[in-house]
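Please walk through the aromatic rings of this structure, the charges that lie over some of them, and one glycine.

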Amino acid sequence: MIRGKVWKYGDDVNTDVIFPGRYTYTITDPGEIASHALEDLDPTFAKNVRPGDIVVAGKNFGCGSSREQAALCLKYAGVAAVVAASFARIFFRNAINGGLPTVTAPEAIARINAGDEISIDFEAGELTAADGSSYEFARLPAEVVGILEAGGLVPWVKKELGAK
Amino acid sequence: MKSGNAQTFAEKIFSRKTGRPVAAGEIVVLEPDRLLSHDNAAAIAKTFAEFGLKRIVDPAKAVIVLDHCVPAASEKYAKNHLEIREFVEENDIENFFDVGEGVCHQVFAEQGFALPGELILGADSHTTSYGAFGAFAAGIGRTEMAALYATGKLWLMCPASLRIEVAGQFGADVYPKDLILYIIGDQGADGALYKSVEFAGPTVAAASLSGRMTLCNMAAEIGAKNAYAAPDEKTRAFLDGRARREYDEVFPDDGAAYERTLSYDVAGLEPQVAAPHRVDNVVHVTELVGTRVDQVVVGTCTNGRVDDLVVGANILRNRQVAPGVRVLVFPASRAVYLEALGIGALATLAEAGCVIMNPGCGPCLGAHEGILAAGEVCLSTANRNFRGRMGSTEAEIYLCSPATAAASALCGRITDPRTVRA
Ligand code: SF4
């Protein structure tokens with residue numbers, strides 16, 4: 001169960017505005033990656049985001065390039081989860097593989113505003129908006145939860161290999 | 001199979017791989033049959049090194065093709081290639097194709113790796129292309145490829161399916177490229193988000209494998225996870241003597257559950273063009289006729305095959321490209337280059353004033369060999385026209401078929417190929 005403050009954005013937020021291409025080959029430090037999160041969409045975000053905050057957006061979040069930093073910059077910035085009406089395929093994968101939980105809850109989006117406090121119960125598959133309304137979402141299967149709990153695909157693979 | 005258990009192509013592949021019925025929406029862990037990577041193999045190797053393993057788990061599954069910036073355009077790219085060659089050597093990767101063999105997707109198919117019924121994952125978004133041979137083929141990220149090199153398995157969601165039925169005969173100078181551009185314009189960039197797209201119907205059956213590759217390649221531009229065309233006599237003939245192993249054709253069941261079924265008729269379809277800066281910004285060529293063009297690119301994994309070059313050669317035969325237009329031709333592979341050379345298509349194009357370039361991706365992703373300056377306009381047979389993709393963010397990229405590209409090369413302006421017939 002998490003509870004966090006909402007940063008709200010629209011439909012079709014693409015990976016170029018989440019993490020600009022001009023940094024993809026030059027920056028590798030997590031702190032520095034985090035400092036450019038959502039730079040071309042909302043320049044106030046990286047400065048003001050607090051650990052545990054939640055990003056909420058419309059449909060097709062993370063469309064465009066396959067760059068993994070788009071998910072990692074949010075994770076490194078302390079974002080606890082991304083809630084969207086739908087996710088672009090590769091972003092969805094990169095988020096899970098980077099240890100960033102995603103929630104697909106199309107009905108909830110219109111009821112959530114920037115600055116709201118919302119809570120997400122991953123085990124129950126339930127999101128509760130600031131107005132008290134609640135929404136069920138499909139829970140992630142055990143395989144994927146394992147990757148999220150390990151902190152992402154790289155630590156998960158390390159764990160798997162170590163366990164052998 | 002009982003009719004109540006009718007499965008889509010994707011469900012069948014996932015079920016076969018897991019040994020139990022899997023329905024759309026389920027996430028399962030699968031072991032793919034082949035793993036493709038290209039110039040990004042150096043980055044993948046770096047992540048792989050973090051796992052502390054001596055070697056990748058199954059080198060026979062790995063296929064690596066250098067294509068994105070070949071030959072190396074700078075010291076940085078040269079070092080990247082060098083690191084990949086070292087990785088290939090350390091891991092005894094036999095299926096390695098060095099500079100000059102061609103674009104990964106074309107080489108992968110020609111070399112008989114794209115087989116019906118196989119599960120293929122590639123660290124490239126246009127891995128969808130192998131659906132043209134009846135494979136389940138999807139793009140993944142670099143970290144995922146590193147994880148596959150380490151463990152041989154990866155989680156995948158069984159996608160819901162979209163069926164696209166196509167009927168009718170193409171008019172003169174209209175091609176599968178025009179069809180897929182039209183579909184992309186119609187459905188939008190997220191029209192098949194996370195879906196398995198099954199192309200079917202008489203027009204797809206009548207299409208060549210090259211045309212089916214164009215369709216499956218660009219299914220990625222509507223967000224598809226994979227694409228599919230049913231294997232048939234043409235597929236078998238292509239794979240005869242080429243397939244790397246025996247294969248099992250997989251077909252969707254009648255009565256399978258599709259999220260949507262779309263129908264298109266290509267009779268009367270006009271040549272299509274995707275205008276800057278979105279692939280789904282598609283219009284009839286007639287709406288853009290007269291737009292000035294500085295550079296024309298014929299090639300890439302979408303349209304760099306022999307039939308594509310022949311279409312261009314037929315239009316440009318005994319003619320000259322317009323003054324001030326640079327026309328760059330990139331055969332998609334060495335095999336394509338040699339065949340086009342043998343039948344005289346390359347000579348015809350060169351005589352018309354085209355520059356015959358080396359097999360590879362060329363300027364498609366903006367690394368080298370035809371970068372655009374601010375204010376320049378490029379017409380390309382590639383699959384993406386995003387702002388800045390081929391150089392300056394102030395340049396414009398239009399996407400079209402090889403016929404429209406050749407006709408426009410002739411006039412120096414976007415031209416309807418039906419008006420300059422060979
Ligand atoms: S030709 Fe273009 S789209 Fe195809 S693999 Fe190369 S860079 Fe990617």
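Contact here means heavy atoms within 4.5 Å. In this predicted model, and leaving aside residues up to four places away in sequence, Gly152(A) touches Ile96(A), Asn97(A), Gly98(A), Gly99(A) and Ile147(A). Gly152(A) belongs to the loop between helix 6 (142-150) and helix 7 (153-163) of chain A, and with a relative accessibility of 0% this glycine counts as buried. Ile109(A), by contrast, is 43 residues away from Gly152(A) along the chain, and the C-alpha atoms of these two residues are separated by 26 Å.

From the glycine we turn to the aromatic rings, of which the whole structure, searched over all chains, holds 20 pairs. One of them is formed by Phe92(A) and Trp155(B), whose arrangement is edge-to-face, with 6.2 Å from centre to centre and 75° between the planes. Because Phe92(A) lies in helix 5 (residues 89-97) of chain A while Trp155(B) lies in strand 7 (residues 154-157) of chain B, this pair joins two chains. Phe92(A) is buried, at a relative accessible area of 6%, and Trp155(B) is buried as well, at 2%. Both residues belong to one aromatic cluster, which also includes Phe61(A), Phe87(A), Phe91(A) and Tyr194(B).

Rings in chain B also lie beneath charged side chains. The charged end of Lys76(B) sits over the ring of Tyr77(B), at 4.9 Å from the centre of that ring, and Arg242(B) lies over the face of Phe238(B), 3.9 Å from the ring centre.

Technical notes
Residues are numbered from 1 along each chain as its sequence is written. Chains are lettered from A and ligands numbered from 1 in the order in which they are written. This is a predicted model: local features need pLDDT of at least 70, side-chain atom pairs count only at pLDDT 80 or more; totals for chains, interfaces and linings use all residues. Side-chain values use heavy atoms; hydrogens and water are left out. Rings of Phe, Tyr and Trp (its six-membered ring) pair if their centres lie within 6.5 Å; planes under 30 degrees apart count as stacked, over 60 as edge-to-face and the rest as tilted. Helices (H or I, at least four residues) and strands (E, at least two) are DSSP runs, numbered from the N terminus. Buried means under 20% relative accessible area, exposed over 50%, partly exposed in between (1.4 Å probe, protein chains only). A charge sits over a ring if NZ of Lys or CZ of Arg is within 6 Å of the ring centre and within 35 degrees of the ring normal.
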